[in-house]
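Subject: Structure for you to look at

Hi,

Here is the structure I promised to pass on, with the sequence alongside. My notes on what turned up follow below.

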Protein chains: 2
Amino acid sequence: MKRFDTNLSEKQIKKDILSAADKRFRTFGFKKTTMAEIAQDLGMSTSNLYRYFPSKVSIAEAFALHCFEEKEAGLQLLLEQPLVSAVDSLFVYAKGLLHYNFDQLNTYPAINDMIMALCETSSEIVDKKREGELSILKVILEKGQEEKCWVIEDLDETGLAIMASWVMFSTPTFMRHQTLEQLEKRLGNLLNLIITGLRVRD
Amino acid sequence: MKRFDTNLSEKQIKKDILSAADKRFRTFGFKKTTMAEIAQDLGMSTSNLYRYFPSKVSIAEAFALHCFEEKEAGLQLLLEQPLVSAVDSLFVYAKGLLHYNFDQLNTYPAINDMIMALCETSSEIVDKKREGELSILKVILEKGQEEKCWVIEDLDETGLAIMASWVMFSTPTFMRHQTLEQLEKRLGNLLNLIITGLRVRD
DNA sequence: ACTATGAATATTATGTTAAATATTCATAGT
DNA sequence: ACTATGAATATTTAACATAATATTCATAGT
């Protein structure tokens with residue numbers, strides 16, 4: 001017998017900790033949830049938390065990664081509906097991302113602040129966020145290649161360029177001053193530009 | 001006789017105040033320059049500053065607007081060189097803007113922080129910044145129309161969409177984690193995308 | 001009546017101590 | 001040997017007093 005309650009694997013306990021932290025982070029944010037509270041919610045001692053996570057920020061990081069996975073799963077789901085073309089997928093994806101960011105910002109401002117702060121200090125978090133979003137975008141771009149919607153030389157660079165152009169639609173500072181409708185309209189115009197381009201070809 | 005030293009008009013005194021504030025803001029930032037210091041630099045009393053500006057932030061705002069004018073003048077100058085096409089102008093403008101932002105961020109970080117803070121509290125500043133940059137972009141887009149480079153239905157909306165796509169290249173948070181070379185490359189890719197578009201037309 | 005000032009007041013920053021919290025560790029339970 | 005804990009320590013935050021600074025105002029100089 002390794003653990004007092006053998007029903008609980010290490011993996012499960014980590015999940016439980018994450019879940020308890022999640023609830024508190026959502027409501028109170030990072031600073032205002034304490035390790036003592038998380039432990040109390042789980043009926044364990046504070047020091048025991050450190051047997052599963054090396055620090056409070058590491059819990060926050062794991063939580064952030066979990067959020068990214070949830071977000072990406074949600075967007076994947078949107079893209080699984082039968083869509084006419086890769087162009088449609090691109091619109092659905094970009095608007096889905098905007099909606100997610102907008103909702104997150106308004107429903108859980110504390111979470112948003114927390115993740116932004118983590119991004120300032122941990123490049124791993126930034127990378128995971130970017131890579132996750134990029135991999136979905138690349139699937140869409142590849143689909144477009146197959147459908148002969150467009151021809152792309154460098155998928156990664158093109159994907160990164162497109163994501164760079166979406167920064168305004170995922171940055172609180174810029175989102176806060178506009179309604180969702182305004183943001184949607186502007187994003188729509190931008191997507192048309194990206195798809196069609198400015199130049200009239202001959 | 002209205003003023004003790006009649007050589008100085010109200011306009012000139014405002015300019016002098018702005019110039020004195022400029023020097024201090026550049027070196028020490030907003031918080032670490034005091035009204036007393038600005039007054040002392042000009043040999044006047046602190047309270048007299050309030051006869052020309054209603055508050056310290058109003059001086060900062062006037063200074064910010066002055067910065068915008070200088071920036072725009074510099075960019076105009078870049079565009080006055082004989083350029084082959086509107087496409088070239090667009091590249092020169094976008095890259096000029098990136099260089100300006102990058103230099104500003106590294107040479108005068110205090111100024112940059114200050115203007116960002118002002119943008120958070122004053123929509124007038126945000127508007128002026130946007131309008132100034134947009135008006136130059138619109139000139140380029142119009143030139144492109146005349147040159148039959150492209151056809152644009154709504155100049156304003158197209159201009160705003162393009163500027164939205166440039167947010168990453170003018171936001172410190174995102175610029176700080178990348179070299180100028182990386183930023184230039186990504187901006188180049190984005191501009192090509194905006195000009196050429198993804199879709200292969202028939 | 002216009003311009004400017006010094007003193008008075010209100011607001012904001014700074015430094016300092018006490019309290020809260022994160023983290024470690026030696027020890028106990030299984 | 002693995003799991004968990006309470007007590008001990010280190011770090012961060014909060015509260016408060018103090019000082020610095022912004023702003024106002026009554027008054028004086030031209």
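Asp22(A) and Arg26(A) sit four residues apart, about one turn of the helix, and both belong to helix H1 of chain A (helices here are DSSP runs of H or I with at least four residues, strands are runs of E with at least two, and both are numbered from the N terminus). The two form a salt bridge, with their closest N and O atoms 2.6 Å apart; the term means a side-chain nitrogen of Lys or Arg within 4 Å of a carboxyl oxygen of Asp or Glu. Asp22(A) counts as buried at 13% relative accessibility, where buried means under 20% relative accessible area, exposed means over 50%, and partly exposed is in between (1.4 Å probe, protein chains only).

A word on conventions before going further. This is a predicted model, so to speak of a local feature takes pLDDT of at least 70 and side-chain atom pairs count only at pLDDT 80 or more, while totals for chains, interfaces and linings use all residues. Residues are numbered from 1 along each chain as its sequence is written, chains are lettered from A and ligands numbered from 1 in the order in which they are written, and side-chain values use heavy atoms, with hydrogens and water left out.Back to helix H1 of chain A, where Arg24(A) has two partners. Arg24(A) meets Asp41(A) in a salt bridge at 2.8 Å, N to O. Arg24(A) is in helix H1 and Asp41(A) in helix H2 of chain A, so this pair ties together parts that are 17 residues apart in sequence. Asp41(A) is partly exposed, at a relative accessible area of 42%. The side chains of Glu37(A) and Arg24(A) form another salt bridge (3.8 Å, N to O). Glu37(A) lies in helix H2 (residues 35-42), so here the link to Arg24(A) in helix H1 joins parts 13 residues apart in sequence. Glu37(A), at 24% relative accessibility, counts as partly exposed. Arg24(A), Glu37(A) and Asp41(A) are thus linked in a network of salt bridges. Over all chains, the count of salt bridges comes to 20.

Further along the same helix, Thr27(A) is found in H1 (residues 10-28) of chain A. Thr27(A) is exposed, with a relative accessible area of 55%. Its C-alpha atom is separated by 9.1 Å from that of Pro109(A), although the two residues are 82 residues apart along the chain.

Now the chain as a whole. Chain A has 10 helices and zero strands. Its C-alpha atoms fill a box of roughly 75 × 40 × 30 Å, taken along the principal axes. Of the 202 residues of chain A, 45% count as buried. Among contacts (heavy atoms within 4.5 Å) in chain A with a separation of 6 or more, 67% come from residues 24 or more positions apart.

Which residues have the most contacts inside the largest nonpolar core? They are Trp166(A) and Trp166(B), in a core of 78 residues. A nonpolar core here is a set of buried Ala, Val, Leu, Ile, Met, Phe, Trp, Tyr and Cys residues joined through side-chain atoms within 4.5 Å. Leaving aside neighbours within four places in sequence, Trp166(A) is in contact with Leu90(A), Tyr93(A), Ala94(A), Leu97(A), Leu137(A), Leu187(A), Leu190(A), Leu191(A) and Ile194(A). Another core, of 24 residues, lies apart from that one and includes Phe53(A), Ile59(A), Ala64(A) and Cys119(A).

Next, the interface. Chain A gives 35 residues to the contact and chain B gives 36 residues. Between them, the two chains bury about 3,200 Å², 64% of it on carbon and sulfur atoms; buried area is the accessible area (1.4 Å probe) that two parts lose on being put together, summed over both. The rule finds four salt bridges across the interface of chain A and chain B. In one of them, Glu157(A) pairs with Lys185(B), the closest N and O atoms being 3.5 Å apart. On the side of chain A that touches chain B, the elements giving two or more residues are helix H5 (86-107), helix H8 (155-165), helix H9 (172-175) and helix H10 (180-196). The largest share of that side, eight residues, comes from H10(A). By type, the residues on this side of chain A divide into 21 nonpolar, eight polar and six charged. For that split, Ala, Val, Leu, Ile, Met, Phe, Trp, Tyr, Cys and Pro count as nonpolar, Asp, Glu, Lys and Arg as charged, and the others, Gly among them, as polar.

One last thing, on the backbone. Phi of Lys148(A) is near 60 degrees, a positive value in a residue other than glycine. Most residues other than glycine have a negative phi. Lys148(A) is found in the loop between helix H7 (123-146) and H8 of chain A, and at 70% relative accessibility it counts as exposed. In chain B, phi of Lys148(B) is also near 60 degrees, and Lys148(B) is placed in the loop between helix H7 (123-146) and helix H8 (155-165). Lys148(B) counts as exposed at 70% relative accessibility.

Best wishes
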